[in-house]
Amino acid sequence: MQNPETRLPEGSVPEEILQQWEKRGVSRRSFLKFCSAMTATLALPVTMMGRVAQALEADSSPPLIWLEFQDCAGDSEAFLRANQPTAAEIILDYLSVDYHETIMAAAGHQAEAAKHQTIEKYKGKYLVVVEGSIPMADGGVYCTVGGDSALNIARQVCGNAAATIAVGSCATFGGIPAATPNPTGAVSVREAVPGATVINLPGCPVNVQNLTATIVHYLTFGRLPATDQLARPKFAYGKRIHDNCERRSHFDAGQYAETFGDPGHRQGWCLYKLGCKGPETFHNCPTVRYNEGSSWPIQAGHGCLGCSEPQFWDAMTPFYRRLPQVPGFGVESTADKIGLGLIAATGVAFAAHAVASSFRKGDKLEADQVVKED
Amino acid sequence: MARKIAVDPITRIEGHLRIEAQIEGGKITNAWSSSTMYRGI
Ligand code: SF4
């Protein structure tokens, strides 16, 4: 208990918590950095930082089951290699990861037993992360684990969980396995297990900072963050890449790289003509970035592929050209198909060589849709 | 007498794998591996 006279200013992290983390090998600097990064990613006021830190201190850490289906383990890799700042350390330390095929020591029936134990003992309380799509064709034979189909496993594990976090574009929207012609009948977790509580964190791979922030939100508030109609958390998918892009001033000024390596490309001009799908893609890549916030595709000189949008493999190709049937240049013929009316505004403005005011209209519209968490 | 065991899932690898082994007199005399996931790519 704290003496009211020595009470810390709002938002600061109590000394005992810092000391406890130090004992576990996480320096106070790393822990504070982690809490402030999480608070910022979730768009929470700074005053919430203390509460975030306290949530990571409670005794009742929920167990976590990590399922892999039609995946490439890219999301697991992103999570395990994360050290922005020591995210995996803090989260892995705090949660008990009872099942994760890529990292667990047990194999075979021992592994399966660990999973079943968690489901029974923590029914309705554990968290699930799912990576990879679920094949529905031919009785689910295209993905089995321990002799059972991915579909049965997902139904059982996600159906009894407190919440399921689908990570990566395959688990959220079917991803590459579901691309035409989709021979295995691959679907997302939400389609395979309609009754489960699922939040979608698309991306190829998921940005681990968004995954960690979603878990931290759950631990802090006891519920998942607010989502859009595609079940994506608004804190991470509420804004368009194009609107936060560092090359945006070049777009507005009509300065475009025409080919890779040309003078415009070398000077960091806009990648629109090289196929950038930033105008159609909603994600916080420009602000959060990857690998400890060091860079992201557009900063590295490559256009956005739109990997976190539904059916990106079909909807966003060809990756290195603007979408086909472009009258003049700019207007997106597939705007309706993708279902983002704002793209049309972008295209028109582009043709008119970027009239900033049209974007402002779009920006405002969008800003209205983004609901900040309390 | 030959005995058959199956280890599924094989963990600490990327991907999905099942190994079946036939054991005779404490020795593995035959083994089969199956990749239990197909994405159609
Ligand atoms: S088109 Fe792409 S590179 Fe150009 S400003 Fe938009 S998001 Fe950035």
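A cavity, for today's purposes, is a set of grid points where a 1.4 Å probe fits but cannot get out. Hello everyone, and please keep that idea in mind while we look around. What you see above is a predicted model, and I'd like to walk you through its empty spaces, its two-chain interface and a few backbone details.

Let's start with the enclosed space. Searching the whole structure for cavities of 30 Å³ or more turns up 1. How much space lies in the largest cavity? About 100 Å³. You can find the spot by looking at chain A: among the 13 lining residues, those nearest the centre are His242(A), Cys245(A), Cys270(A), Leu271(A) and Cys276(A). Two elements of chain A each give two or more residues to this lining, namely helix H12 (241-244) and helix H13 (248-252). As for the character of the wall, 9 of the lining residues are nonpolar, 2 are polar and 2 are charged.

Now for an open space. Rolling a probe the size of a water molecule over the atoms shows where empty space is left. The largest pocket holds about 550 Å³. Its lining has 31 residues, and the closest to the centre are Cys204(A), Pro205(A), Val206(A), Asn207(A) and Tyr290(A). Here the elements giving two or more residues are helix H4 (74-80) and helix H10 (208-221), both in chain A. The lining of this pocket splits into 15 nonpolar, 12 polar and 4 charged residues.

Stay with Pro205(A) for a moment. What kind of peptide bond joins Cys204(A) and Pro205(A)? That bond is cis, with omega at about 0°. On the chain, Pro205(A) sits in the loop between strand S9 (198-201) and H10. There is another cis bond to look at, running from Thr317(A) to Pro318(A), again with omega near 0°. Pro318(A) belongs to the loop between helix H16 (312-315) and helix H17 (335-338) of chain A.

One more backbone detail is at Ala73(A), which has a positive phi of about 65° although it is not a glycine. You'll find Ala73(A) in the loop between strand S1 (63-68) and H4 of chain A. Why point these out? Most residues other than glycine have a negative phi, and most peptide bonds are trans.

On to the partner, chain B. It has 0 helices and 3 strands, so the pattern along its sequence reads β-β-β. Its C-alpha atoms fill a box of roughly 40 × 20 × 10 Å along the principal axes.

How do the two chains meet? In the model, 16 residues of chain B are in contact with 28 residues of chain A. The size of an interface is often given as the accessible area lost when the parts come together. For this pair, that comes to about 1,700 Å², with 53% of it on carbon and sulfur atoms. On the chain B side, Pro9(B), His16(B) and Arg39(B) lose the most area to chain A, together 32% of what that side buries.

And what about charges and polar atoms there? The rule finds 0 salt bridges across this interface. Polar contacts do appear, in 13 residue pairs between chain B and chain A, counting pairs with both residues at pLDDT 80 or more. The chain B residues that touch chain A divide into 6 nonpolar, 5 polar and 5 charged.

Salt bridges do turn up elsewhere, with 12 over all chains. One to look at joins the side chains of Glu15(A) and Arg28(A), at 2.9 Å from N to O. Glu15(A) is in helix H1 (residues 15-23) and Arg28(A) is in helix H2 (residues 28-41), so this pair, 13 residues apart, links distant parts of chain A.

That's my tour. Thanks for listening!

Key: Residues numbered from 1 in each chain as written. Chains lettered and ligands numbered in written order. Predicted model: local features only at pLDDT ≥ 70, side-chain atom pairs only at ≥ 80, totals over all residues. Heavy atoms only, no water. Contact = heavy atoms within 4.5 Å. Buried area = accessible area lost by both parts, 1.4 Å probe. Salt bridge = Lys/Arg side-chain N within 4 Å of Asp/Glu carboxyl O. Polar contact = N/O pair within 3.5 Å; in protein donor to acceptor, adjacent residues only side chain to side chain. Nonpolar A, V, L, I, M, F, W, Y, C, P; charged D, E, K, R; others polar. 1 Å grid on protein atoms, 1.4 Å probe; cavity = no way out; pocket = protein on both sides within 12 Å on 5 of 7 lines; lining within 4 Å. Points joined across faces, edges and corners; volume = space filled by probe spheres on them. Helix = DSSP H or I, 4+ residues; strand = E, 2+ residues; numbered from the N terminus.
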